[in-house]
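Welcome, and thanks for taking a look at this one with us. Below is a short briefing to read alongside the model, grouped by topic so that you can follow it on screen.

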Amino acid sequence: MIAISLISGDKSTIVFPMTQKFRCIVADPPWELKLGKTSPVDSEAIPWNHDLTLTQLEYPTMSVKELKALKVPADRDAHCYIWTINAHLEATYEIARAWGFRPVTLITWIKSPMGLGLGGTFSNTSEFILFCRRGTLSAKRRVDRTWFGWPRGRHSEKPEEFQTIVESVSPGPYLEMFARRKRPGWSSWGNEVESDVDLGGQGLPLVEQPSPFLLTGQTLSLTGL
Ligand SMILES: C[S@@+](CC[C@H](N)C(=O)[O-])C[C@H]1O[C@@H](n2cnc3c(N)ncnc32)[C@H](O)[C@@H]1O
């Protein structure tokens, strides 16, 4: 395999070309969200949104069409975990199939209620991970549940505990798509992390300074989450 070395400042990153295949992929897509002015947001419900107005997410988003069109560097036999939210559950199954995977199990992250927060009639207190397979890759172990009560992080941040479980279930090599930080033992790809895999030029260029939170205000709400 040919490795391309990218030197950026004092950092040196080995970038693997698209020919590198992964047996385990975790993807946390930048879902498009419907912004609405339908109901007041209880700012207490959104710990990162103190006294501000919700106008925009902190990162660029992608449409379902764009997500489906992504070329994902999966091995012939592989596992894939796709993070999703209520509003995009159906699309997540479509995306999994478009990437060549069989959707298998929906895993739920249960979050404690914090008042009327993001969501529609029912405030969102759960997120989901669609576990998918292709080919015949066996799991390293079975897990005794499909829900987890990991603690909340900052907006969009997913719990590290999840990837610890993934490592115990799925064989590597591991790739995290739409990553925002490096995790030891994983290749990372995204526009807010030094990617060490090249997906054939797909995706946005690296943002050197990830934008600060742009969540502002008390009168807008997110609907359809
Ligand atoms: C939902 S966030 C990921 C959150 C991350 N998993 C965490 O736990 O902090 C989605 C990420 O995808 C990035 N992104 C959006 N559009 C992208 C694109 N076209 N190519 C690469 N990355 C993109 C965003 O900037 C953001 O960092």
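What share of the contacts in the protein chain with a separation of 6 or more comes from residues 24 or more positions apart? The figure is 72%. Please keep in mind that this is a predicted model. The protein chain has 225 residues, and buried residues make up 25% of them. Its secondary structure comprises 3 helices and 13 strands.

**The sheet**

- A good place to begin is the open sheet, where 7 strands follow the order β9-β7-β8-β6-β3-β10-β11 with mixed pairing.
- The edges belong to β9 (147-148) and β11, and each of these has a single partner strand, so one side of each is left without a neighbour in the sheet.
- At one of these edges, β9 pairs with β7 in the parallel sense over 2 bridges, and T108 stands opposite W147 in β9.
- Moving inward, β7 and β8 run antiparallel and are joined by 8 bridges; here I107 has I129 in β8 as its bridge partner.
- β8 is also joined to β6, again antiparallel, through 7 bridges, and T84 finds its bridge partner in F128 of β8.
- Further along, β3 and β10 run parallel, with 4 bridges between them, and C24 is partnered by Y174 in β10.
- β10 also pairs with β11 in the parallel sense over 4 bridges, where Y174 stands opposite W186 in β11.
- Y174 therefore has a bridge partner in C24 and stands opposite W186, as the strand order β3-β10-β11 would lead you to look for.- β10 is covered on both faces: Y174 and E176 are buried on one side, and L175 and M177 are buried on the other.

**The nonpolar core**

- In soluble globular proteins, nonpolar side chains tend to be buried together.
- The largest nonpolar core in this model has 29 residues, and I25, A27, C80, I82 and A96 have the most contacts inside it.
- At least two residues of this core come from each of β3 (22-27), β6 (74-84), α2 (89-98), β8 (126-134), β10 (174-177) and β11 (186-189).
- The element that gives the most to this core is β6, with 6 residues.
- A96 is worth a click: beyond its neighbours within four places in sequence, A96 is in contact with C80, I82, F101, P103, L130 and C132.

**Helix α2 and what follows it**

- Which residues of α2 are buried? They are T92, I95 and A96.
- Viewed down the axis of α2, these buried residues fall within an arc of 100°, so they line one face of the helix.
- An α-helix has 3.6 residues a turn, so residues three or four places apart point the same way.
- The packing partners of the buried residues of α2 are α1 (64-69), β6, β7 and β8.
- Just after α2, G100 takes a positive phi of about 90°.

**Two buried loop residues**

- W99 sits in the loop between α2 and β7 (102-110).
- Is W99 buried or exposed? W99 counts as buried because it has 21 C-beta neighbours inside 10 Å, with 20 being the number needed.
- Leaving aside neighbours within four places in sequence, the contacts of W99 are V72, A74 and C80.
- W99 and P73 are 26 residues apart in sequence, and their C-alpha atoms are 9.2 Å apart in space.
- V72 is found in the loop between α1 and β6.
- V72 also counts as buried, because 21 C-beta neighbours lie inside 10 Å.
- Apart from neighbours within four places in sequence, V72 is in contact with I25 and W99.
- V72 and A27 are 45 residues apart along the chain, with 9.9 Å between their C-alpha atoms.

**Around the ligand**

- Which residues come nearest to the ligand? Of the 15 residues around the ligand, they are D28, P30, Y59, F178 and G203.
- Sorted by class, the shell around the ligand holds 6 nonpolar, 4 polar and 5 charged residues.

Note on methods
Residues are numbered from 1 along each chain as its sequence is written. This is a predicted model: local features need pLDDT of at least 70, side-chain atom pairs count only at pLDDT 80 or more; totals for chains, interfaces and linings use all residues. A residue is near a molecule or strand if its C-beta atom, placed from the backbone, lies within 6 Å of it. Ala, Val, Leu, Ile, Met, Phe, Trp, Tyr, Cys and Pro count as nonpolar, Asp, Glu, Lys and Arg as charged, and the others, Gly among them, as polar. A nonpolar core is a set of buried Ala, Val, Leu, Ile, Met, Phe, Trp, Tyr and Cys residues joined through C-beta atoms within 7 Å. A residue is buried if 20 or more other C-beta atoms lie within 10 Å of its own, exposed if 12 or fewer, and partly exposed in between; C-beta atoms are placed from the backbone. Two residues are in contact if their C-beta atoms, placed from the backbone, lie within 7 Å. The arc is that of the directions from the helix axis to the C-beta atoms. Two strands pair if DSSP finds at least two bridges between them.
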